[in-house]
Every structure is written in C-alpha cells, then in structure tokens.
Number of protein chains: 2
Amino acid sequence: MRLSQSLFKTRREVPADAETRGTQLLIRAGYLHKVGSGLYARLPLLTRTLHKLGALIRKELDPVAQEVSLPALQPAALWRQSGRWDAYRAEGLMFAVQDRAGRELALAPTHEEVAAALAREVVGSYRDLPLSVYQIGPKFRDELRPRAGLLRTREFMMKDGYSFHADAADLRRHFGTVSDAYGRILTRLGAPWQRVEADSGSIGGAGSREFMILSDVGEDELLRTPDGRYAANAEQAVSRAERVGASPFAAFARVHTPGASSVEAVAAALGCAAGHVVKTLLYTARVGGGPESEQVWPVLVCLRGDHSLNPVKLRNAVAARVDGPLLSLEAAAPGDWTEGDRTEGDWAEGDWAEGRYPEGEGGTLPLGFVGPDLPDTVVARRAGVRPEFLRLCDVAAAGARGFVAGANEAGWHVAGADWDVTHTRPEVAELRQARAGEASVHDLSQRLESARGIEVGHVFQLGTRYTAALGATFTAADGREQPLHMGCYGIGVTRLAQALAEVWADDRGLVWPAVLAPHTVMLTVVDPGDPAQREAAESLYAALRAAGLDPLLDDRDVRPGVKFADADLVGLPWRVTVGRHAVQGEAELTGRRSGETQRVRLAEVVNELRARLAAGLIPG
Amino acid sequence: MRLSQSLFKTRREVPADAETRGTQLLIRAGYLHKVGSGLYARLPLLTRTLHKLGALIRKELDPVAQEVSLPALQPAALWRQSGRWDAYRAEGLMFAVQDRAGRELALAPTHEEVAAALAREVVGSYRDLPLSVYQIGPKFRDELRPRAGLLRTREFMMKDGYSFHADAADLRRHFGTVSDAYGRILTRLGAPWQRVEADSGSIGGAGSREFMILSDVGEDELLRTPDGRYAANAEQAVSRAERVGASPFAAFARVHTPGASSVEAVAAALGCAAGHVVKTLLYTARVGGGPESEQVWPVLVCLRGDHSLNPVKLRNAVAARVDGPLLSLEAAAPGDWTEGDRTEGDWAEGDWAEGRYPEGEGGTLPLGFVGPDLPDTVVARRAGVRPEFLRLCDVAAAGARGFVAGANEAGWHVAGADWDVTHTRPEVAELRQARAGEASVHDLSQRLESARGIEVGHVFQLGTRYTAALGATFTAADGREQPLHMGCYGIGVTRLAQALAEVWADDRGLVWPAVLAPHTVMLTVVDPGDPAQREAAESLYAALRAAGLDPLLDDRDVRPGVKFADADLVGLPWRVTVGRHAVQGEAELTGRRSGETQRVRLAEVVNELRARLAAGLIPG
C-alpha cells in the first residue's frame with residue numbers, strides 16, 4: 001500500500017476524550033475514528049490488524065469447533081424462554097428494536113439463546129455429540145459509560161463459541177480444550193496475560209474463567225499468589241480472613257453507645273477491635289415475576305466490622321435464593337420496604353451500605369444501630385413486598401464469638417453476643433471482599449497480590465440452564481430425553497486488539513509485534529523528488545511485496561521528520577529508510593522497539609527482514 | 001472435516017415456507033437454519049462458502065479500495081443531516097433503537113452518512129484524493145415481507161464501498177473501475193449475469209447500475225436488446241413508444257360519453273384507439289418539512305391511454321420537484337386534499353390510478369372524467385395542503401395531437417385537443433413503463449426482451465448530495481473549499497451466495513463450482529466397519545488435506561444410500577467413494593454435475609483432482 005493513496009491521517013494533538021494511552025495512540029496513528037459515544041469506525045490499518053488477529057484465533061479454534069454465523073437480531077420470544085429478557089432489559093444493557101409489525105427483537109449482546117435453539121434443531125441423540133461452534137462478529141451493548149476506545153464500546157467484535165455435550169464430564173473436558181486454545185492464542189500474541197477464576201455474572205453457570213491482559217488501564221482487579229497456583233478476579237477471589245484476638249466481652253450485655261453509629265465509633269467506645277463487631281447492612285432486591293408483577297425483597301446482611309462487602313458475591317447469593325430473575329439489588333432506601341413515615345434518618349446509599357447510619361428518631365428504624373435480629377415487623381405489610389428479610393451472613397462473620405452488634409435501638413449495642421445463643425445465625429455465604437496481603441486458602445504462606453487486568457476472554461460451564469429452559473434435549477444412550485450440557489466461550493476481539501495496543505507502545509507510538517502489525521515494514525523514502533531514491537524505493541517496494549512482506553510505502557510529499565514521526569506512531573516492526581545512501585545501493589533498517597539502525601545493501605533487505613522474522617524478534 | 005463430528009443434519013422434507021429451489025436446498029442440505037422471520041443462522045457449510053466468496057471479492061477490490069469497518073449503530077443526527085432519517089423511518093425500512101439515555105440510533109441499512117462523515121475528518125485537500133474504502137459486514141432492514149431465504153432478509157451481509165473525488169470526471173473514472181471489478185467477480189463465479197441501467201432509489205444520485213444474476217426466481221424484471229448494447233431494470237428502462245395513427249378528430253369539441261369512465265370505454269364510444277386518449281391520474285405526495293410539519297402535495301399525471309405508469313419513474317419525478325424529503329406517494333384517496341364532502345365516488349386505488357373511475361355525483365370530483373386541465377379549485381384550502389397541483393406529463397403523452405381527454409364533467413370528454421392550444425402542457429417527464437417487444441431507443445430495429453434477475457450488486461454516482469449535506473468538503477487546487485464527489489458500491493454477499501445456489505442446482509441438490517464449494521471433495525466411506533475401507537479412507541483423507549483439497553469425510557455410520565443422497569444434496573464438485581474396491585487399491589471419482597464416475601488408483605486421486613481443478617472443470 002502507498003500512503004499517498006491511503007485513508008491515512010495522523011494527528012499530533014492528543015484527543016480530549018481518549019482516556020488511555022492505547023486509545024490516544026490508535027486515534028492519533030489513524031487506526032480508529034470516533035463516530036459517536038462508544039461507536040467507532042475501524043480504519044484500514046486496524047482492519048488489517050484485526051484480520052491477522054482473526055486468522056490467529058481461527059487457526060487455534062478450527063481444530064476444536066466449527067465456524068458459523070448467528071443473527072444479531074433475535075426474536076424476543078427466545079430471550080423470554082431463557083428468562084433473560086426482563087433482567088437484561090431492566091439492567092438496560094441490551095438494545096431492543098420493534099419491527100414494523102410491533103414485534104420486539106433483541107439486538108444481541110450474546111448468543112446463548114439462539115445457539116441453544118439451534119442445538120435443539122440439529123441434535124437428535126448422543127451420537128450427534130459433542131457439538132462445538134463459534135463465530136466472529138458484531139455484538140451490541142447499551143453501555144452506561146462507554147470508555148477508552150475499544151475497551152468498552154456499544155458495538156464491538158467478538159468471537160463467541162457454544163458447545164453441547166451429553167454430560168458434565170464431557171463439557172468439562174471441552175472447557176479445558178478451549179481454555180488451552182485461548183492460552184495458546186494469548187501466548188502467541190506475546191503480551192502478559194493471566195487466567196483467573198471469575199464470576200459468571202448474568203450469563204450464569206459454574207466454573208467460569210477469565211483471561212486477562214495485564215495492564216494498569218484494566219478495569220478489573222485480580223488477586224493472585226506468587227506461586228502461580230491461585231489467581232482470581234477480585235469480584236470472585238477468596239482468602240483466609242485475618243484472625244482477630246479473643247473477644248474482650250465475656251458475657252452478653254446491652255451497652256450504651258450514644259452517637260456511635262459507625263463500626264469505628266463503636267469499637268472505640270467499647271475498647272475492642274473492629275473485627276469484634278458484626279455489622280448489619282440492609283439491601284433491597286427487586287425480583288421479576290410474571291410480565292406485570294415485581295416483588296421487593298428486603299435483604300439483611302451480616303459482615304465482620306473490619307471487612308468490606310463484595311457486591312458481586314452478594315448479588316449471586318441473593319440471585320440464588322429469590323424465586324424469579326433478580327432485576328436489581330441496591331442499598332435500601334426509605335420506603336423501599338418500610339412505611340414512608342417510619343424512616344426519617346438519612347439513608348444516603350454509602351452510609352447505609354457501610355453501616356454508618358445517623359441516629360434514628362422516635363418510631364423510625366434505628367439506623368446505625370440495627371443488628372442481625374432486626375425483627376421482620378419493621379417490614380411494611382403491603383402488596384409487592386415480601387414480609388420478611390432474606391438474612392445472610394458472611395463466612396467470617398459467622399465464625400465470630402462474643403461479638404458486638406446493634407441492639408435495634410438508637411444509642412444501644414449488644415456485646416458478648418454468640419450465634420445460636422443470643423442471635424439466630426442467618427444463612428451463611430461467601431460475601432466478603434478479599435484483599436491483597438491476605439493469606440491464600442490453598443497455602444496460608446502465600447499472600448494475595450493485586451494486579452490490574454483487561455478482561456479479553458471468558459469461558460463458562462453453563463450446564464443445563466439454557467438448554468432446559470429452551471427445550472434443547474437429546475436422546476441419551478439409555479433412551480431417555482435429557483437436556484444438553486452447554487458451555488460458552490468468548491474473546492472480545494476488538495477489546496483484545498486495543499489491550500495489546502495498551503501494552504505494546506512507548507512514548508513515541510505503537511510497537512506492534514509482527515504477528516499483529518498491519519504491515520510488516522514501513523518503507524520510507526526521504527526525498528521522493530530524488531530519482532535515485534524513488535527508483536530504489538520502487539524496486540524495493542516491489543521486492544518486498546513479492547516476498548509477502550506487505551510493505552507500507554511512505555511516498556508522501558512531506559518533510560522527512562514527519563515521515564519518521566509517523567512511522568514511530570504507526571508502530572510497524574521495522575522501518576526501511578531509503579535516503580541519500582540509495583545512490584551507493586544502501587538503505588537503513590531500523591527496529592521499531594530497539595530503535596537500532598543498521599546499514600543494509602538494497603539487495604539484502606528482503607533476506608535480512610526474512611531472517612529477523614524467522615528469528616521471532618518480536619516486535620523487531 | 002469429519003461429518004461424524006460436524007454440525008450437519010440434512011432433511012428429506014421440503015421446508016413449508018421456503019419459496020425457491022435454492023432456499024429449499026440450502027435448508028435441506030444443512031447450510032441454513034431459520035431463526036425467525038427474515039433471520040437466519042448460517043451453518044458451517046455456508047460459512048465456508050461465504051469465506052470463499054469474501055476472499056474472491058477482496059481479491060478484486062483490494063487493488064482499488066481499502067478495507068475498513070464502519071459501525072452499524074449510528075447517531076440519528078447524521079441521518080438528520082443528510083435528510084434521510086424521516087424518509088427512511090416513514091418508509092419503515094430502517095430499524096432504530098433508543099439508548100438508555102433516550103437518544104435515537106439508526107441500525108444502519110447502508111452507510112453513506114457515516115462514510116461521508118469519515119471523509120469530512122480525513123480529507124483535507126485535493127492531494128488526499130481520490131479515496132476509496134469498502135467493508136464486508138452486517139446490514140439491517142425492516143423488510144415488509146422477508147422472502148426466499150437469503151434473497152430478502154432483515155439481517156444480511158453486504159460488501160459496501162464509498163469513494164470520494166475532486167470532481168465528477170474522477171468519480172466517473174472510479175465508478176468504471178469498480179464496475180469492471182464487479183464484472184470480474186461475477187464472471188469468476190460462472191453464473192449468467194447482466195449489468196443494467198438502474199433506478200437510484202432512495203440512495204439518490206445519477207448514473208446507477210445494477211448487477212443481476214439471471215434467474216427465474218428474481219424479483220426484478222430487466223429489459224435488454226439482443227445486440228447486448230442495452231439492458232436496464234424495467235423500473236428504469238426506456239423504449240420508443242409505439243406510434244399511433246393520426247387522430248380521427250380534426251376539430252376540438254366536447255363529446256358526450258355517458259358511463260365511459262375507462263380508456264377502453266371512451267375509445268370504443270368515440271371509435272378511436274386507446275393511444276388517442278390522454279388519461280389523467282391523481283396522486284397524493286406527502287412531503288417532510290420540519291420535525292413536526294408534513295405537507296400534502298396533490299399530483300396530476302397525464303399518460304397516453306395505451307401506456308402504463310412506471311411508479312418508480314413517477315416517484316423520482318415527484319421527488320425531484322418537491323421541496324422536502326418525499327415521505328410517500330400513493331394514488332389519491334378521498335379527503336387527502338379534497339374536502340371530505342366533495343368526493344363520494346369509489347376511490348379504490350387501482351381504479352383511480354388507472355383512470356377507471358365511477359361516475360361522480362353532483363358536487364363531487366367527476367371521477368373517470370377528469371382531464372389535464374382539472375382546475376386547482378378542486379383542491380381543499382386548508383393548512384398542510386398545497387393549494388395547487390404538481391402537474392406532470394409523460395414524454396409520449398406530451399407528443400399527442402388531436403387527443404381525447406376528460407372534460408372535468410361526469411359523462412363528458414373532449415376530443416381533438418392539442419397541447420398549448422386547448423390545454424396547457426404540464427411539465428414533461430419520462431413516466432411510462434417500457435415493455436418487452438418495444439423498440440430500443442439506441443436502435444429502432446432492436447426490440448426489448450424481458451428476463452428476470454436477482455439484483456446482487458448496485459453502484460451509484462452520488463455526486464455531492466451527501467457530502468454537501470454533511471459538510472464533507474476539500475480544498476481544491478485553486479484554494480476554494482468544495483464538496484467532495486462521492487460514489488457508492490454495493491454487493492449483497494449473502495444474497496449473491498443464494499442467487500448462485502438458485503442457479504447452480506439440479507433436482508438432486510446443489511452443484512457448487514469449485515471456487516465457492518465449502519469443501520472441494522466429499523470423501524464417502526461406504527462401510528466404515530470394513531478395515532480396508534476405513535484405512536484407505538483415512539490415508540486418502542490425510543493426503544487430500546495435505547494437498548489443500550479440503551475434503552469432507554463422510555465417516556458416519558449410516559446406509560450408503562443416505563451418504564450418496566446427502567453428497568448430492570450438499571453439492572461438492574467431486575465425490576471420492578471408497579468402497580469394495582479399496583482392497584484392490586482403488587476408489588471411484590464422481591463429478592457432481594456430470595454424474596460421471598471413473599475408477600482411480602488410490603495413489604492417483606490427489607493428482608487426478610488437481611488436474612481437474614487446474615482444468616477449470618466447473619463444477620466438476
């Protein structure tokens with residue numbers, strides 16, 4: 001390609017709304033053009049890089065799955081069958097359209113439903129199994145806050161795959177096969193990556209894993225141990241809670257704690273550690289039912305005073321216990337499930353959730369002083385509100401002894417409390433946020449370390465959740481009709497490309513590895529007006545093309561400094577500069593990453609580049 | 001690929017709602033799965049064929065344009081700038097979504113707006129020109145009546161391209177270059193095709209051409225001459241109107257024609273030919289204005305009595321004359337622009353449009369007897385209605401002399417009328433439907449012949465319509481800022497694949513040419529239980545793979561008859577059958593199209609297939 005005939009325009013200024021280095025460079029170097037919030041045009045250079053990335057992905061996946069293409073527009077009925085229509089629409093993350101006949105269609109962010117419906121048609125018996133398909137195509141999400149170029153957009157390219165199996169063991173086997181293929185793909189790209197245990201989110205299922213490119217611009221925190229045996233998304237990570245010393249409270253007693261409505265204030269007032277306090281948080285869950293009905297569930301959560309709640313774990317714990325799709329889960333607000341006139345305190349979300357409540361007034365909920373035994377009578381008796389709390393307790397809090405808790409009366413706590421003696425123990429669940437520095441559960445000598453990552457892949461063992469709902473069954477060897485076991489596997493292709501741009505860059509521009517570079521070599525003609533240079537460059541251009549080294553010829557009529565700066569910005573692995581030495585039959589070969597320059601005979605340029613490519617000098 | 005491990009299921013029964021042979025075969029042979037009305041999953045076989053088709057298209061286009069990827073979701077503001085938002089939404093052919101902030105987004109059926117907006121950013125001066133980009137990706141259309149599998153769907157894959165130029169001459173040159181590339185693509189596919197003059201439709205612009213695959217299932221009629229020098233979509237085709245003899249009416253006179261409200265009845269009553277009558281049709285145009293306003297334009301059209309109106313030509317003639325986007329154009333209905341009580345006749349659409357109106361009653365419009373001089377006073381004076389007719393006359397009708405026309409009074413016509421003498425001549429436009437059998441304008445000895453075609457490509461010289469509206473300008477050599485000249489170029493990729501399936505098939509199944517076949521050869525093992533056959537097939541499978549002949553191995557445990565029938569249905573160019581001669585080291589090689597079978601030494605199969613491929617025996 002000749003730059004003079006290209007859709008190519010670099011920018012010197014940093015785009016105002018580009019939050020990360022990778023975004024800035026992709027826009028400045030002419031890979032990306034913003035069309036609207038979270039909507040981008042992918043320009044020729046990026047399109048070439050994505051073709052290479054797609055080929056690399058296909059090469060690893062074709063031996064284990066078949067490529068298909070499923071429609072992005074999907075009948076709402078399919079999503080209603082799986083139960084996700086209401087939840088996804090309520091969360092606001094799925095676009096929907098009405099057709100001219102008024103029928104609703106999903107503009108799909110993911111394809112479990114349509115894949116299961118396909119399996120329902122083509123799978124008859126166990127002899128047709130296993131079945132594994134994938135596609136590479138567009139996905140749509142109504143992101144609340146699109147950010148950082150291709151890292152979080154409203155339209156993006158994804159590789160998504162779906163597999164179907166006769167039993168959980170075969171699903172697990174294939175899950176491992178696909179995970180290994182993902183690992184090979186990321187390893188070939190050369191960027192630091194980590195596979196982590198992950199939350200399955202609204203997709204559902206068990207045993208999901210995420211693949212992260214490690215980068216400071218990542219939205220995800222991951223926690224891992226130095227021995228490499230444990231890594232998890234912080235949303236999902238577990239750890240051994242720090243022990244607290246024995247409780248100073250030998251006997252159960254009501255204690256006066258005027259104004260001490262935070263854990264810190266209570267601990268200071270009573271002369272104990274925060275870890276001796278069990279704090280009680282109140283939430284409101286909205287649960288979908290029929291098409292019209294929605295039920296409010298009051299939720300009460302107990303946590304050790306020195307711990308933080310992990311909202312993802314809480315969401316999963318609640319979702320597993322309510323009897324319909326969980327539409328939302330938020331810190332309780334006045335009137336959610338209390339009578340309007342029974343709450344006058346300040347229920348600001350942060351305070352409420354963290355247990356720091358202002359003192360309640362007569363007849364109101366004693367905010368800041370509620371305890372695990374807050375009676376169900378505080379819940380309003382009205383239609384649409386479940387008349388009792390869903391009560392949950394974190395594992396660590398469930399192990400507390402002689403603890404302090406709210407006494408359900410403003411200005412009062414209890415001390416020396418014990419589960420099953422003074423307080424009924426709620427249902428126990430893993431609800432606590434693990435933190436860096438805590439001990440790993442697999443080896444207490446291993447301490448969790450924190451890193452930031454960009455999630456570029458996610459694999460799930462879904463089990464029968466979708467297939468049972470959609471009637472995707474098969475005839476087993478014993479003749480019985482059973483739901484298929486299903487897995488799903490995703491790579492955010494455009495996000496991965498940008499994650500690599502975040503990693504492979506320096507202060508002058510992008511630094512692509514050869515395996516992803518849009519072109520292998522930039523051929524810069526210092527002075528196209530000089531016949532010797534022009535002639536040498538043209539014959540080199542032809543030779544490089546013939547050798548399959550896809551050169552990008554900078555034949556523009558601009559200053560050499562602009563060409564060199566643009567070459568650094570675009571970040572091809574090598575630059576061949578044809579300048580004043582052309583008359584002596586020589587060019588310069590510069591590695592983008594090392595910056596090292598070497599004089600090479602014109603006739604030797606192709607061989608030299610081939611040798612470097614074969615040596616795997618990434619990125620040059 | 002092994003069929004035993006494939007997503008592969010053929011069907012014997014013909015799908016009830018598959019209207020064409022190609023649709024039936026693609027579904028029966030396991031290429032296509034219907035997900036909803038106009039929504040399909042493309043299965044592995046079709047995905048492979050589309051990859052081959054995409055590669056073939058890219059090979060021809062990469063030398064003349066750069067590949068990009070533009071978003072399918074686009075801000076409504078862009079479509080408002082071009083003036084197409086209201087018209088496309090009113091026609092109902094564009095899906096639109098609202099995001100969570102309530103902003104409207106188009107789910108684009110085409111990308112002129114976003115391409116012009118991109119050019120606005122990257123083109124500075126004439127030195128950046130010309131610029132030509134293309135993409136291959138999904139498009140969405142809210143089709144009123146999806147039909148025939150991939151021929152008319154609501155989501156489809158399209159190759160669309162956009163070019164930008166300094167002047168109309170350079171646009172014309174590139175338009176020719178792309179047209180030639182399209183011709184090479186279609187020629188390589190081997191199916192009969194025709195390039196025709198075409199209507200530019202709602203895309204706009206001048207000098208558009210369509211590329212048709214000739215097939216009886218095509219929705220389009222095309223008219224062409226035996227000498228190959230003229231071909232046009234019937235929507236657009238012109239011809240020399242048949243001459244009619246001299247009018248029998250020497251003098252202008254009112255004539256009593258009671259009950260003669262159709263052309264045939266008038267001609268019979270007056271003893272003249274239908275071609276001596278000028279019929280007058282009434283239409284209602286709705287024209288968009290500001291966001292709230294919409295104006296009704298009454299339209300009066302004169303046509304020779306023996307001619308039919310071409311609705312596409314009328315639409316274009318009206319659209320060019322109204323002062324806003326034309327939202328709709330339909331045969332007039334009572335009350336559109338008359339007072340409610342002034343029309344009592346039957347305004348059934350067909351009658352009205354064809355000039356066969358029942359006799360009007362006192363005080364009403366004299367339906368069936370209106371003439372070119374119907375006064376503007378019949379138009380209601382009310383807000384939103386233009387108080388006068390837009391009056392148009394077809395070229396042939398404008399040449400009439402001594403003609404008969406309605407006298408604007410029930411039961412009366414006039415005869416011996418002449419333009420500019422008895423009647424003011426309306427604006428003249430090409431409005432008539434050309435018909436097979438009529439003489440071509442380029443050579444009166446050439447008669448138009450009719451054929452049916454499937455439109456698979458369309459190229460347009462758009463000029464400055466979009467670039468001017470969107471402010472996509474460049475600095476010309478003389479320093480002045482001017483709008484870019486724009487072209488656009490489309491191939492319906494999924495539609496083309498199915499058009500080829502319509503053409504390349506017989507009564508046993510599909511018959512792909514090697515260039516498009518999902519696999520080159522079907523390797524059928526008659527009895528996989530026989531060790532000699534199994535061993536021969538496995539080593540042949542390995543050899544064919546090594547040779548790049550991408551075999552599909554039918555190793556299923558089903559009857560040989562099922563395998564042979566499925567092989568015919570799937571339609572790979574060749575079948576290699578490993579059966580009872582395997583022990584003698586032989587297999588059978590069968591051409592799918594010819595059905596001819598030949599015994600070949602196992603060791604020679606690869607060479608034999610290579611030779612046939614090289615000989616271009618399409619499809620075998």
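How much area is buried between domain 1 of chain A and domain 2 of chain A, and what share of it do carbon and sulfur atoms give? The answer is in View 3. First, some ground rules: this is a predicted model, where local features need pLDDT of at least 70 and side-chain atom pairs count only at pLDDT 80 or more, while totals for chains, interfaces and linings use all residues. Residues are numbered from 1 along each chain as its sequence is written, chains are lettered from A and ligands numbered from 1 in the order in which they are written, and side-chain values use heavy atoms, with hydrogens and water left out.

**View 1. Where chain A meets chain B.** Here 56 residues of chain A touch 56 residues of chain B (contact means heavy atoms within 4.5 Å). Together the two chains bury about 4,600 Å², with 63% of that coming from carbon and sulfur atoms; buried area is the accessible area (1.4 Å probe) that two parts lose on being put together, summed over both. Look for Leu7(A), Gln66(A) and Arg100(A): this trio supplies 15% of what chain A buries against chain B, more than any other three residues. For polar chemistry, there are 24 residue pairs in polar contact between the chains, both partners at pLDDT 80 or more. (A polar contact is a pair of N or O atoms within 3.5 Å; within protein, one must be able to donate a hydrogen and the other to accept it, and residues adjacent in sequence count only if both atoms are side-chain atoms.) Helix H5 (residues 112-122) of chain A gives the most to its side of the contact, with five residues; helices (H or I, at least four residues) and strands (E, at least two) are DSSP runs, numbered from the N terminus. Sorted by class, chain A's side has 30 nonpolar, 13 polar and 13 charged residues (Ala, Val, Leu, Ile, Met, Phe, Trp, Tyr, Cys and Pro count as nonpolar, Asp, Glu, Lys and Arg as charged, and the others, Gly among them, as polar). The chains also share two salt bridges, meaning a side-chain nitrogen of Lys or Arg within 4 Å of a carboxyl oxygen of Asp or Glu. In one of them, Arg154(B) pairs with Asp99(A), the closest N and O atoms being 2.8 Å apart.

**View 2. Down to the axis.** Rotate chain A by 180°, with 0.0 Å of shift along the axis, and it superposes on chain B with an RMSD of 0.2 Å. That is the relation of a two-fold axis. Val97(A) has the C-alpha nearest the axis in chain A, 2.8 Å from it. The fit is by least squares on the C-alpha atoms of residues with pLDDT of at least 70 in both copies. Of chain A's interface residues, 98% are also interface residues in chain B, so the copies meet through the same surface.

**View 3. Domain 1 against domain 2 in chain A.** Back to the opening question: these domains bury about 650 Å² between them, and carbon and sulfur atoms give 48% of it. In domain 1, Asp86(A), Asp199(A) and Glu235(A) lose the most area to domain 2, together 48% of what that side buries. Even so, the count of salt bridges between the two domains is zero, with three residue pairs in polar contact.

**View 4. A cis proline in the loop.** The Leu129(A) to Pro130(A) peptide bond is cis, with omega near -5°. Pro130(A) sits in the loop between H5 and strand E7 (131-140) of chain A.
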